[in-house]
Amino acid sequence: MFNKRVKIKELLAQEPQHQEVTVMGWVRTFRNNQFIALNDGSTNNNLQVVAELGRFDEALLRRITSSASLRVTGKIVPSLGKGQKMDLQAETIEILGDSDPDKYPIQLKNRPTLEYLREVAHFRFRTNTFAAVFRVRHALAFAVHKFFNEKGFVYLHTPIITASDAEGAGEMFRVTTLPVDGSAPRNEDNSINFREDFFGRSTNLTVSGQLEGELGATAFGEIYTFGPTFRAENSNTARHLAEFWMIEPEVAFNDLEDNANLAEEFIKYIIRYAMEHNREDLDFLSQRLAEEEKQLPQDKRSEMGLIEKLEFVINNQFERLTYTEAIEILRESNYNKKKKFQFPVTGWGMDLQSEHERYLVEKHFKKPVILMDYPKEIKAFYMRQNDDGKTVAAMDILAPGIGEIVGGSQREERLDKLTERMGEMDIPTEELWWYLDTRRFGTVPHAGFGLGFERMVQFVTGMGNIRDVIPFPRTPKSAEF
RNA sequence: UCCUCCUUAGCUCAGUUGGUUAGAGCAUCUGACUGUUAAUCAGAGGGUCGCCCGUUCAAGUCGGGCAGGGGGAGCCA
């Protein structure tokens, strides 16, 4: 009985010809004691249910309130009104669940802010903006798997609990079953004795699946991971989360250029997929963004609308240049000469500040930029050393409005070079014996990258805050829901 | 973690140089109307002005501390 319902999205695609249907969903608005805008989450477009005057009990109509859930049966007829092509002429209306309008926290007519909706995140999917965002998120996630599957990659589940703390990718969350009240077993020097812990050693939540990914790549040829990642950094920004989802492909026999090609093709593919399958939601989000930007001063508004921006990205080559070239552009820029940068461009070897990256992406090139070959001092130990002795085969992709969306590199496959670098950077080689073994037995050139999924969702939906593109955000001092 | 701004009704916000009973729109409730499109019209209820301490005859308003949130920065994806 219940599964006989028709989805509103399918219904709206049909022609009204007095077909008998059952729909179920949640009330968005109830106008004129007669017209119910019903939404079932399949689309932002509501079905107009008409409860003919006098046909239904006063007591029943009283219960049709914002977000009450209904089962309605009736006939689909051409609408007499102007805003929609069809109505559902209700024959029976059943309240599945009441919603007390005095207590329900979201009144759509009040234009609740994104910040407020974050406080009632358990209901925010019932708003058009969040419904659109999370349907697009779904499409992008699905496209990730589709892309790699079509290319023959193996989806490898790397561990969420890891023992190595040698990756240097940031602060970690400890995983333990030892008591936290001070009664944990101690060593002679009073440090915690983790041999007594669940895993018999100190463990953490993963900050990256890359090292394990490399183990897969050097057997399957190409793998990707797509899973949760955890960073215990005290980062309070619109683009950081303590728990986020990362996609990490790793490919044997690829060099840095292959790596950049893969990343660019991948990004374009998943955007195109969302454009083809979720056009309505993207149109809605594009409009939402335009509305929001109307309130900004002219010079702060985007030059392109959301749809326009996405089309531009999928139809144009990303700009590729080396770190060294980027430093030159920045040094020669009028911005730098007029001392408009907060951090002056001092010269080769400096780490790029986000204002520098933004200048390159948003002012100079006005498109996504792939920066390659960074000084080895500012990059991780596993990146392949270039012949110049100064740089490593690193690659960052910077997206307009978001900043770094991809970080990757060709990996150092030469055992001696790798261990030498680990020594210089105080990375314990003993702990990573299994990682180094790939360089001892059949080592191959290989490369990979990490793409922050939420940042990608931000880019595609135009949402300014990363907390609004993950269903239940985890950030410092915040883990409700 | 640093800089900066904010916190007043269920929501979004006004609130003057400190001064009597703190306002509006929307939401909610009651009534009217009935092919509406954020329906409309009339009326009603709704406040420990984030929390604590201080200055003052008097604090929503001034000062200090704390908490939460926004924007920017760092770390990064």
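The following is a conversation about a predicted model of protein chain A with RNA strand B.

Visitor: What should I know about the numbering and the model before we start?

Guide: Residues are numbered from 1 along each chain as its sequence is written, while chains are lettered from A and ligands numbered from 1 in the order in which they are written. This is a predicted model, in which local features need pLDDT of at least 70, side-chain atom pairs count only at pLDDT 80 or more, and totals for chains, interfaces and linings use all residues, while side-chain values use heavy atoms, with hydrogens and water left out.

Visitor: What makes a residue count as near RNA strand B, and which come nearest?

Guide: A residue is near a strand if one of its heavy atoms lies within 4 Å of it; 49 residues are around RNA strand B, and Asn32, Lys109, Thr237, His240 and Arg455 come nearest. Of the strand's atoms within 4 Å of the protein, 50% belong to sugar or phosphate and the rest to bases.

Visitor: Why is the pair of Arg31 and RNA strand B called a polar contact?

Guide: A polar contact is a pair of N or O atoms within 3.5 Å (within protein, one must be able to donate a hydrogen and the other to accept it, and residues adjacent in sequence count only if both atoms are side-chain atoms). An N or O atom in the side chain of Arg31 is 2.9 Å from a base oxygen of RNA strand B, so the pair meets that limit. For Ile405 a backbone N or O atom lies 2.8 Å from a sugar or linking oxygen of the strand, and for Val406 the corresponding value is 3.3 Å.

Visitor: How do you know that Asp468 and Arg124 form a salt bridge?

Guide: A salt bridge is a side-chain nitrogen of Lys or Arg within 4 Å of a carboxyl oxygen of Asp or Glu, and the closest N and O atoms of Asp468 and Arg124 are 3.3 Å apart, so the pair qualifies. Because Asp468 lies in the segment after helix H14 and Arg124 in the loop between H3 and helix H4, the pair ties together parts that are 344 residues apart in sequence. Helices (H or I, at least four residues) are DSSP runs, numbered from the N terminus. The structure holds 32 salt bridges.

Visitor: What does the interface of domain 1 and domain 2 hold by that salt-bridge rule?

Guide: Across that interface the rule finds zero salt bridges, although six residue pairs between the two domains are in polar contact, both residues being at pLDDT 80 or more.

Notes: Domain bounds come from an automatic or database domain assignment. Helices (H or I, at least four residues) and strands (E, at least two) are DSSP runs, numbered from the N terminus.
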